[in-house]
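Trainee: I'd like to take a close look at one part of this protein, and I'd be glad if you could walk me through it slowly. Here it is.

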Amino acid sequence: MASPPTPAWPGRFRLDPGRERPGAVAAGVRAVAAPEAGQSPQPAHSAADSPAPNTERLAGGVANRGRVFRIGQTVHRPQAPFPAATHALLKHLDAVGFSSAPRLLATDGDSEVLSWIPGQAAQTPLPSWALGDAALVSVALLLRRFHDAVASFDPTGHHWPDERVPAPYRWPTISHNDIHPGNIIFSDGRAIGLVDFDLAGPGSPIWDLAAAARCWCPLLSDEDVPNSVVDRRFERFALLLDAYGLAGHARVEVAEALLDNQEWTFRIVVDNVMRGHLGFQHYWNSVAGRAERGHRWLTERRQDLIAAVR
Ligand SMILES: Nc1ncnc2c1ncn2[C@@H]1O[C@H](COP(=O)(O)OP(=O)(O)OP(=O)(O)O)[C@@H](O)[C@H]1O
Ligand SMILES: [Mg+2]
């Protein structure tokens with residue numbers, strides 16, 4: 001087998017040499033080979049031996065790159081590392097009427113079958129249709145509804161993902177913990193669906209809002225932000241929190257969480273790269289420079305970001 005591509009290693013996210021173990025796979029993390037161009041779809045479920053004719057491989061995944069399929073009105077994907085917890089959460093969301101998350105329809109071996117949410121996810125860098133203020137506000141409203149819906153869910157007694165949210169942001173409530181554009185489904189320019197709960201676990205609304213702000217304002221360095229919003233990042237950060245309905249000191253807490261959230265997110269990426277996960281390697285090769293610049297920008301503009309939402 002050809003060796004995986006060597007990732008670029010910006011200084012900020014360089015691993016300790018002792019932790020660099022290419023080829024090793026962490027518990028709960030699947031080492032998946034991205035399918036080659038022209039390779040036929042192989043749903044990761046028992047139908048793999050006889051894929052349905054209307055099977056469509058869904059683009060956009062990193063952790064499960066090439067292993068998420070749409071079949072009719074269903075999505076087939078590998079189960080979360082701790083499926084009992086994730087599925088209890090999905091069932092709760094369904095039970096309390098939060099219709100913006102996929103419903104769990106079935107499990108099949110290591111796979112889960114979810115309801116398909118009609119629409120379109122974006123990727124970073126965001127396309128123009130995802131960059132308007134209406135889209136940003138809709139992300140805030142979606143998150144607010146999600147956090148309200150999950151507030152009545154008791155996370156105790158479940159085994160949640162090992163990638164634990166840092167203690168100051170880990171409250172006795174659940175957050176999604178992976179709020180990036182690929183996990184938000186849009187329809188008619190509005191965020192209507194939230195998918196991929198694999199990292200969901202004890203966290204806080206603040207943690208999800210920090211991730212949303214980074215991705216959607218977006219809080220990146222100048223050269224990585226489209227002209228249409230480069231001068232409006234701070235204003236859009238405040239707009240996101242306004243639309244969510246966040247008041248008081250919690251707004252400053254979101255601003256203060258930005259850097260921690262960025263580091264936590266890319267630590268997960270880099271750790272998986274070093275474990276030989278090809279999906280993360282491919283992703284990291286495309287975002288490493290942006291992540292490094294973004295970290296520098298968030299550091300330099302920390303006080304401005306706090307002032308923008310105070
Ligand atoms: N239930 C769903 N309804 C509609 N689209 C979906 C659904 N589940 C997944 N998708 C689409 O498939 C893409 C990949 O799925 P998913 O997010 O599960 O993959 P992943 O590899 O686990 O993602 P990540 O890169 O966030 O780790 C998503 O970006 C989204 O566009
Ligand atoms: Mg995803």
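What is the order of the strands in the open sheet of 5 strands, and with which pairing? Please start from there and carry on to whatever else is worth seeing around it.

Mentor: Sure. Keep in mind that this is a predicted model. The order in that open sheet is 1-2-3-5-4, and the pairing is antiparallel. At the edges you'll find strand 1 (55-57) and strand 4 (104-108), each pairing on one side only. Going from one strand to the next, the twist averages 25 degrees. For a closer view, pick strand 2 (residues 69-71) and strand 3 (residues 74-78), an antiparallel pair held over 3 bridges. There, Arg 70 has Val 75 of strand 3 standing opposite.

Now for the ligand. Ligand 1 has 22 residues around it, and Gly 60, Gly 61, Val 62, Ala 63 and Ala 121 come nearest. Sorted by character, the shell has 12 nonpolar, 5 polar and 5 charged residues. Domain 1 (41-115) and domain 2 (120-309) both contribute residues to that shell, so ligand 1 lies between them.

Ala 121, one of those nearest residues, takes us to another sheet. Strand 6 covers residues 120-121 and pairs with strand 8 (residues 184-187) in the antiparallel sense over 2 bridges. Strand 8 also pairs with strand 9 (residues 190-194), again antiparallel, this time over 4 bridges. Put together, you get an open sheet of 3 strands in the order 6-8-9, with antiparallel pairing. Strand 6 and strand 9 each have a single partner strand, so each has one side left without a neighbour in the sheet. Helix 2 (residues 133-150) packs on this sheet and touches strand 8 and strand 9, and its direction makes about 35 degrees with that of strand 9.

Phe 186 is a handy landmark here: it is the bridge partner of Gln 120, and in strand 9 its bridge partner is Ala 191. Strand 8 and strand 9 form a hairpin with 2 residues between the strands. Look at Asp 188 in that loop: its phi is near 50 degrees, a positive value in a residue other than glycine. That's worth a second glance because most residues other than glycine have a negative phi, and most peptide bonds are trans.

Speaking of peptide bonds, have a look at two prolines. The bond from Thr 124 to Pro 125 is cis, with omega near 0 degrees, and Pro 125 sits in the loop between strand 6 and helix 2. Cys 217 and Pro 218 are also joined by a cis peptide bond, with omega about -20 degrees. Pro 218 belongs to the loop between helix 3 and helix 4 (227-230).

Helix 3 itself is the last stop. The axes of helix 3 (residues 205-216) and helix 6 (residues 249-274) come within 8 Å and cross at roughly 70 degrees, which means helix 3 is roughly perpendicular to helix 6. On the helix 3 side, the residues in contact include Ile 206, Trp 207, Leu 209 and Arg 214. Helix 6 answers with residues including Glu 253, Val 254, Leu 258 and Asn 261. Counted by character, the contact has 10 nonpolar, 3 polar and 2 charged residues.

Notes. Residues are numbered from 1 along each chain as its sequence is written. Chains are lettered from A and ligands numbered from 1 in the order in which they are written. This is a predicted model: local features need pLDDT of at least 70, side-chain atom pairs count only at pLDDT 80 or more; totals for chains, interfaces and linings use all residues. A residue is near a molecule or strand if its C-beta atom, placed from the backbone, lies within 6 Å of it. Ala, Val, Leu, Ile, Met, Phe, Trp, Tyr, Cys and Pro count as nonpolar, Asp, Glu, Lys and Arg as charged, and the others, Gly among them, as polar. Domain bounds come from an automatic or database domain assignment. Axes are lines fitted to C-alpha atoms, for helices over the stretch in contact, and angles run from 0 to 180 degrees between N-to-C directions. Angles under 35 degrees count as roughly parallel, over 145 as roughly antiparallel, 65 to 115 as roughly perpendicular and the rest as oblique. Two residues are in contact if their C-beta atoms, placed from the backbone, lie within 7 Å. Two strands pair if DSSP finds at least two bridges between them.
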